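Me: I want to test the labels on this model one by one. Show it, and then defend each term.

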Amino acid sequence: MPNKKIRTVCPRDCYDSCHLIAEIIDGEDHPKLKGDPTNPITQGFTCPRGTKDLDRNFSSQRVQFPHIRNKKEQNKLGRKCKWDEALQLVSDRLRETLDDYGKEAVLHLEYAGNMGLLTQYFPQRIWNSLGATKTDNSICSKSGHDALTLHYGSSHGIQPENLTTQKLIVFWGFNAAVSSPHLWRLAQQARNQNQAKIVVIDPRVSETAKKADIHIQPHPGTDVAIAYGLANYLSEKGLTDSVFLEKWTVGFEQFREESKKWTITRLKELTGLKPVKIEQFARLYGTVHPSVILIGLGMQKSRNGAEAVRAISLLPALIGLHRAFFYSNGEAYPVNYQYLTGESLTSKSSKVVSQVQLGRHLAEGAFKFFYIYNMNPALTLPNQIVFRKGLLRDDVFVVVHETHWTETTRYADVVLPALTYLEKEDVVIPWGHHYVQKSNRVIQPDEASRSEIWVMQQLAQRLDLKDEWLFQPPWQAIKVAINKALTIPNLNKLLSGTQATLNSIPLDEYFTPSGKIEFASSTASKQGISPLPKQAIIQEEPGQFLLLNSALRNYTHTQFQEIYGEIPPIVHIHPVDAKTLKIKDGDEIQIYNKQGAIQVHTNITDTVPPGILWSPRQFIGKKGKPQNCLTPDTPQSIGNGSVFNSTWVHLKKI
Ligand SMILES: Nc1nc2c(c(=O)[nH]1)N[C@H]1C(S)=C(S)[C@@H](COP(=O)(O)OP(=O)(O)OC[C@H]3O[C@@H](n4cnc5c(=O)[nH]c(N)nc54)[C@H](O)[C@@H]3O)O[C@H]1N2
Ligand SMILES: Nc1nc2c(c(=O)[nH]1)N[C@H]1C(S)=C(S)[C@@H](COP(=O)(O)OP(=O)(O)OC[C@H]3O[C@@H](n4cnc5c(=O)[nH]c(N)nc54)[C@H](O)[C@@H]3O)O[C@H]1N2
Ligand code: SF4
Ligand SMILES: [Mo]
């Protein structure tokens, strides 16, 4: 009998949203997962996580029953119970909170652990029906989206599959070789087929920088200056496209005036870059077309992140290219998320609080009932000491709906077992490309685990909620929400297995007040923000190191530690700094600042410059303290986004 094949989609928070084929092999217990060769992005391969999701599914770390716990006993799992008992307890506490403190004391928090529409969005209907407090989703990419919107009216850029026709590809603060293996593969194809040059701009020798044709290695936080310097060079050398500037842009004169201040000499001082290197890059950018700049979400998560995104995004307009950048296309498609989440259906308003500063609100006692799913915030939010203090308050009841035991479940009063993506049906809307297909169930669901929709509807029934849309058949809701977004507007086709593409907004449409690219943003002026991108003064903290931190190949944030073991608690340090501090390779040291302290092992390497450290992100240090107790929770001024890469620390040998 031939092996059976089922199509599914990796829903992890990732640029690539791989289309996968699960092959059910006769006589074998579990299917095999591999990348779909017919999908132009996935190209038949996955990252080291994609194929291992099946092992993660069956790992001993799976939550298998509802548990009622004493959250102060963090190392105990608690007592197994039946769904009925757990749901009754959760709905009783929810009802009490609503009666005694009102809807604003109820907080829900979720992110993109599984990006499926029926996992991440539809189950939020219960919270919108109640008018519970929500967060502003500012932990990842929001500041960059807002930054692009100031100048372009929206944040979408090119589709990455167009990378293969480029002649010059710039990865700016983007470690794609690790964080987006399929976009990286497309860039390499451009190099092989099209002799494209790959430039990487990164303060450290990242995995991507190692494979670049040119690596520009500036001081962190100086990207706005580099962009202005580039603009100045292009204008001086007559390499700008004046016809395009005239027809498609406004505010160029102001931008030009500012760029004049960024001479090569001044740039050298601020960025630490050699003039010859800057000129080499500027000349390439001015003469080799077509080109595209891929702007990293990672670089954007810093104090000057949104400003950097603004400045970099304006460069293509100088050389006559419409939006020749890519950041995240998550907002490019007309998917009706408000309908899916019930935001546009409810008559109740909801309070919105900062995700970056959530710990402070929680610790101050603003919430009494806290429902978390699809996220592991006790490792991934900044300023953990404060956040965890909030979780442990006696007057906060914490419910976590999870597939696996995590750091966050250790702080829960009730843990509810969730189905994994392999055990349920869904649709994933990618933010890295525009291909969609139905994500099918691949394996039999775990007996005691339940979907997010099931839990939502059970709670809604117990609370006797009347909004009919809470009980709408989920696929009907998806049909309404995505019909306009599909190029073949036929959900049935999608459901029967056809691969579809999403309609995206054309590159030459600008939704700014002027209808053009605004070098000087009128929206920014109205909001009291500088109309031009602004290079901040780099405020070095004396005696401290700047700790950059980013993703590793084997983990999606905190996921896959069940497979690959713990995220290594290490820090990279330059040999000169190590010598000054008398630190040897592999030493256990303390990294600390005003917020907290963690213990890690050193890795002495010149892939980081002096004064800069690098570590993986979101790990747990040697003595059990999370890396995120060091990261600041002061949001950016544009978009209120996170600033994980602006973490200043001291080092101490233990
Ligand atoms: N393997 C894996 N892939 C992932 C994820 C994962 O967890 N694991 N997560 C996904 C998610 S949610 C995200 S947000 C993305 C993030 O993906 P990326 O945008 O690639 O972000 P990082 O991995 O943080 O890498 C950012 C790079 O920017 C550099 N950088 C830091 N500060 C500056 C600066 O001031 N200027 C410049 N020019 N560069 C700077 C860093 O050294 C780093 O190499 O990855 C996605 N892909
Ligand atoms: N220090 C530092 N911290 C950071 C960052 C950084 O650069 N540095 N980056 C930030 C960024 S960009 C991001 S996007 C966030 C990510 O932060 P999180 O979203 O908290 O990251 P994950 O560890 O992927 O957590 C997702 C959780 O969802 C669970 N899950 C998976 N599938 C399902 C499902 O189908 N149903 C349910 N109910 N649960 C499921 C997983 O088991 C996992 O525990 O981290 C942020 N934190
Ligand atoms: S995590 Fe990303 S690269 Fe890996 S299989 Fe999933 S979508 Fe593909
Ligand atoms: Mo992210």
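Reply: Start with the elements: helices and strands here are DSSP runs, numbered from the N terminus. By that numbering, C81 falls in the loop between strand 5 (79–80) and helix 2. Keep in mind that this is a predicted model.

Me: Why is C81 called buried?

Reply: C81 has a relative accessible area of 9%. Buried means under 20%. C81 is therefore buried. A further value places C81 in the fold: its C-alpha atom is 6.9 Å from that of I68. These two residues are 13 apart along the chain.

Me: What makes R7 and D36 a salt bridge?

Reply: The N to O distance between their side chains is 2.5 Å. The cut-off is 4 Å, between a side-chain nitrogen of Lys or Arg and a carboxyl oxygen of Asp or Glu. The pair therefore qualifies. R7 belongs to strand 1 (residues 4–9), while D36 is in the loop between strand 3 (32–35) and helix 1 (53–57). With their positions 29 residues apart, the pair links distant parts of the chain.

Me: Are R7 and D36 buried, exposed or partly exposed, and what makes them so?

Reply: They get separate labels. R7 has a relative accessible area of 32%. Partly exposed is the range between 20% and 50%, so R7 takes that label. D36 stands at 0%. Buried means under 20%, so D36 is buried.

Me: How do you know that D99 forms a salt bridge with R95?

Reply: Their closest N and O atoms are 3.6 Å apart. That is within 4 Å, so the pair counts. Both residues lie in helix 2 (residues 83–101). They are four residues apart, about one turn of the helix.

Me: Why is D99 called exposed, and R95 partly exposed?

Reply: D99 has 53% relative accessibility. Exposed means over 50%, so D99 earns the word. R95 has 32%. That value lies between the two cut-offs, 20% and 50%, so R95 is partly exposed.

Me: And E407 with R410: what makes this a salt bridge?

Reply: The distance is 3.0 Å, N to O, between the two side chains. The limit is 4 Å, so the label holds. E407 is at 12% relative accessibility, under 20%, and so is buried. R410 is at 21%, between 20% and 50%, and so is partly exposed.

Me: How many salt bridges are there in the whole structure?

Reply: A search finds 30. Some are joined: K368, R393 and D395 are linked in a network of salt bridges. Side chains of opposite charge can pair when their charged atoms come close.

Me: Turn to the empty space. How many cavities are there of 30 Å³ or more?

Reply: Three. The largest has a volume of about 120 Å³. Its lining has 14 residues, and C10, C14, C47, R49 and G50 are the closest to its centre. By class, that lining holds six nonpolar, four polar and four charged residues.

Me: What takes up the space of the largest cavity?

Reply: Ligand 3. The residues around ligand 3 include C10, C14, D16, C18, C47 and H182. To be counted, a residue needs a heavy atom within 4 Å. The shell around ligand 3 divides into five nonpolar, four polar and two charged residues.

Me: What lines the second largest cavity?

Reply: This cavity has a volume of about 60 Å³. Among its lining residues are P123, W127, Y371, H401 and L459. Helix 4 (125–130), strand 15 (369–373) and helix 21 (452–462) each give two or more residues. Helix 21 has the largest share, four residues. By class, the lining holds eight nonpolar, one polar and one charged residue.

Me: What makes a space a pocket, and what lines the second largest one?

Reply: A pocket is an open set of points, whereas from a cavity the 1.4 Å probe cannot get out. The second largest pocket has a volume of about 1,100 Å³. Its lining counts 32 residues, with Q120, Y121, N137, E331 and Y337 nearest its centre. Elements giving two or more residues include strand 6 (106–110), helix 3 (117–121) and helix 17 (337–341). The classes are 13 nonpolar, eleven polar and eight charged.

Terms used: Residues are numbered from 1 along each chain as its sequence is written. Chains are lettered from A and ligands numbered from 1 in the order in which they are written. This is a predicted model: local features need pLDDT of at least 70, side-chain atom pairs count only at pLDDT 80 or more; totals for chains, interfaces and linings use all residues. Side-chain values use heavy atoms; hydrogens and water are left out. On a 1 Å grid over the protein atoms alone, a cavity is a set of points where a 1.4 Å probe fits but cannot get out, and a pocket is an open set with protein on both sides within 12 Å along at least five of seven lines; lining residues have an atom within 4 Å of a point. A molecule sits in a cavity or pocket if more than half of its atoms lie within 2 Å of its grid points. Ala, Val, Leu, Ile, Met, Phe, Trp, Tyr, Cys and Pro count as nonpolar, Asp, Glu, Lys and Arg as charged, and the others, Gly among them, as polar. Grid points are joined across faces, edges and corners, and a volume is the space filled by probe spheres set on the points. Buried means under 20% relative accessible area, exposed over 50%, partly exposed in between (1.4 Å probe, protein chains only).
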